[in-house]
Amino acid sequence: MAQEIKATATKAPKEFGRVESIPREHRRMSNWDLFATWIGANANNGTWYIGGVIAACGFLTASTTLVVVGLISYALLAVASYMGYRTGLPAMALTRASFGLRGSFIPSVINVIQFIGWAAVNTFIAATSISYIFGELFGWPLYGKPGGTFGLIVGIIIMSVLHLLSISLGERSVRLIERIGIILVVIFVLWESVVVFRTVSFSEIVGWQPPHDLRMSSGVAADTLAAFNLAWVTAASDFSRFTDKKSAATKASFLGANFGLFWFAFIGLFATIGTAVSLNHFDPNNSDPSTVAAKLGLGIIALLVIVLTSTTANAVNLMSAGSALTNMTHRLSLNVSLWIVTLAATAVTFIPVYLASFLDVFETFLDGIGMFLGPEIAIFLVDYFILKGKQYKLSEFTKVHGAYWYAHGVNWIAVASWGLGVVAYWGLKQVPVIATTIGATFIAMAITAVIYFIGMRFTRVAAPAKAS
């Protein structure tokens with residue numbers, strides 16, 4: 001396996017973050033740990049909410065799109081996880097080989113922003129649950145009612161404290177939280193399922209159709225789900241680098257991510273449609289688990305479990321954001337970076353409180369993620385598996401004028417390919433037959449992959465840096 005596995009760390013020039021490869025003998029994550037990590041990453045409020053949002057397609061279209069997009073997206077996650085297993089490097093450090101030492105700041109910034117955003121999404125939903133709890137216990141006004149903002153704000157502060165505790169020990173905290181959280185998540189989902197199907201029958205859910213003016217097309221659903229799923233692909237190596245088992249990095253990650261996605265997105269889909277059938281009213285703004293749980297009368301215990309699942313998911317979100325931040329500067333340790341991104345996520349959580357509805361903010365956020373992430377993923381996967389033949393040389397990841405320095409630290413072919421991929425995504429969204437059927441995300445990724453491959457071959461800068 002050569003140098004990339006044996007090395008532990010190399011010093012970087014001051015403008016770059018440190019590169020630290022986890023040696024095999026120090027890797028402790030088992031198949032179960034990675035399986036549970038990725039279940040926990042998706043068995044959460046955001047996944048439930050995604051299931052509720054795509055309910056606007058109707059059950060059959062939503063469920064089919066959910067399964068197909070999930071399988072494709074997490075096949076890419078398994079492939080990206082393999083990169084972390086082979087090299088022991090975090091995800092954003094790996095992009096130095098494709099984007100260049102300085103060019104890797106682009107995907108790093110995107111990752112910091114998107115995972116702070118995801119942490120804020122989960123925090124907002126959990127804070128809504130806390131506001132319902134305060135309403136039950138103390139009679140405080142619910143969020144959405146006059147005076148209800150105060151309970152939400154208190155909930156955001158409480159969640160931020162829980163998040164700081166969850167990442168206090170870095171990777172060890174994440175592993176512990178996922179092991180505990182998965183047990184309570186199983187109990188909650190079984191309970192939720194029983195309540196939903198006592199309220200409405202499966203045939204009623206399958207036969208329900210959304211109002212015409214609120215209907216979502218399969219293409220929009222595909223792009224929404226792709227943006228949600230692909231976010232994890234850019235963080236895969238942050239966790240697979242801690243395992244010495246190939247099967248954990250690939251199979252366990254693929255199965256865990258899909259299991260968590262299908263589990264919680266389907267329960268969100270069932271619960272949202274079930275609520276719409278029972279109330280004879282559908283409002284996509286009421287698709288979050290806190291609102292649905294309250295309307296189904298699940299009580300305080302269910303709301304507490306929602307708070308817990310937010311903590312387990314955000315442990316992964318914040319770890320990924322912190323890891324991306326350390327790629328950009330040597331001055332910040334991972335623990336300090338984790339504190340910074342956690343506080344930033346707290347601030348971002350207040351945006352929908354004062355500026356727009358949560359659904360509007362969420363959909364805008366997802367559209368932006370899909371536009372930027374897909375092309376980035378296409379580039380670093382093509383670079384590692386096709387152009388470099390699965391051979392990266394660790395010593396070159398911090399070397400000025402080395403193999404990954406390109407032009408003044410930037411691989412402009414990667415940057416240009418990424419930019420063209422973003423334009424392709426935007427252009428495809430303007431083509432009705434694509435935007436309303438299969439979506440733009442995966443087509444834009446394929447276009448980006450071809451552009452990058454041809455560009456690198458044409459300029460002859462794709463010669464592999466063979467491990468010694």
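**Figure 1. Valine 161 in helix α8 of the predicted model.** Valine 161 is partly exposed, because its relative accessible area of 45% falls between the limits of under 20% for buried and over 50% for exposed. The residue belongs to helix α8, which covers residues 149-166. On the surface, Val161 joins Ile157, Ile158, Leu162 and Leu165 in a nonpolar patch. Together these side chains make up about 410 Å² of accessible area.

**Figure 2. Threonine 123 in helix α7.** Helix α7 spans residues 105-138 and contains threonine 123. With a relative accessible area of 2%, threonine 123 is buried, because the cut-off is under 20%. When neighbours within four places in sequence are left aside, the contacts of threonine 123 are Ile156, Met159, His163, Ser310, Asn314 and Thr349.

**Figure 3. The ring pair of tyrosine 82 and tyrosine 85.** The whole structure holds 27 aromatic pairs. In the pair of tyrosine 82 and tyrosine 85, the ring centres are 5.9 Å apart and the planes meet at 50°, so the pair is tilted. A pair of aromatic rings is described by the distance of the centres and the angle of the planes. Tyrosine 82 and tyrosine 85 are both part of helix α4 (residues 59-87). Three residues, about one turn of the helix, separate the two. Both tyrosine 82 and tyrosine 85 are buried.

**Figure 4. The aromatic cluster that includes Tyr82 and Tyr85.** Ring pairs connect Tyr82 and Tyr85 with Tyr384, Phe385, Tyr392, Phe397 and Tyr404. The two tyrosines of helix α4 in this cluster are Tyr82 and Tyr85, and both are buried.

**Figure 5. Arginine 241 over the ring of phenylalanine 242.** The charged end of arginine 241 is placed over the aromatic ring of phenylalanine 242. The distance from this charged end to the ring centre is 5.2 Å.

**Figure 6. The protein chain as the setting of the close-ups.** The predicted model has 21 helices and two strands in the protein chain. The chain has 468 residues, of which 60% count as buried. Among contacts with a separation of 6 or more, 84% are between residues 24 or more positions apart. The exposed area of the protein chain is about 17,600 Å², and 68% of this area comes from carbon and sulfur atoms.

Conventions
Residues numbered from 1 in each chain as written. Predicted model: local features only at pLDDT ≥ 70, side-chain atom pairs only at ≥ 80, totals over all residues. Heavy atoms only, no water. Patch = residues over 30% accessible without salt bridge, like charges linked within 9 Å, V, L, I, M, F, W, Y side chains within 5 Å. Areas by Shrake-Rupley, 256 points an atom, 1.4 Å probe, with all protein chains shown as cover. Salt bridge = Lys/Arg side-chain N within 4 Å of Asp/Glu carboxyl O. Helix = DSSP H or I, 4+ residues; strand = E, 2+ residues; numbered from the N terminus. Buried < 20%, exposed > 50% of the residue type's maximum accessible area, 1.4 Å probe, protein only. Phe/Tyr/Trp six-rings, centres within 6.5 Å; stacked < 30°, edge-to-face > 60°. Lys NZ or Arg CZ within 6 Å of the ring centre and 35° of its normal. Contact = heavy atoms within 4.5 Å.
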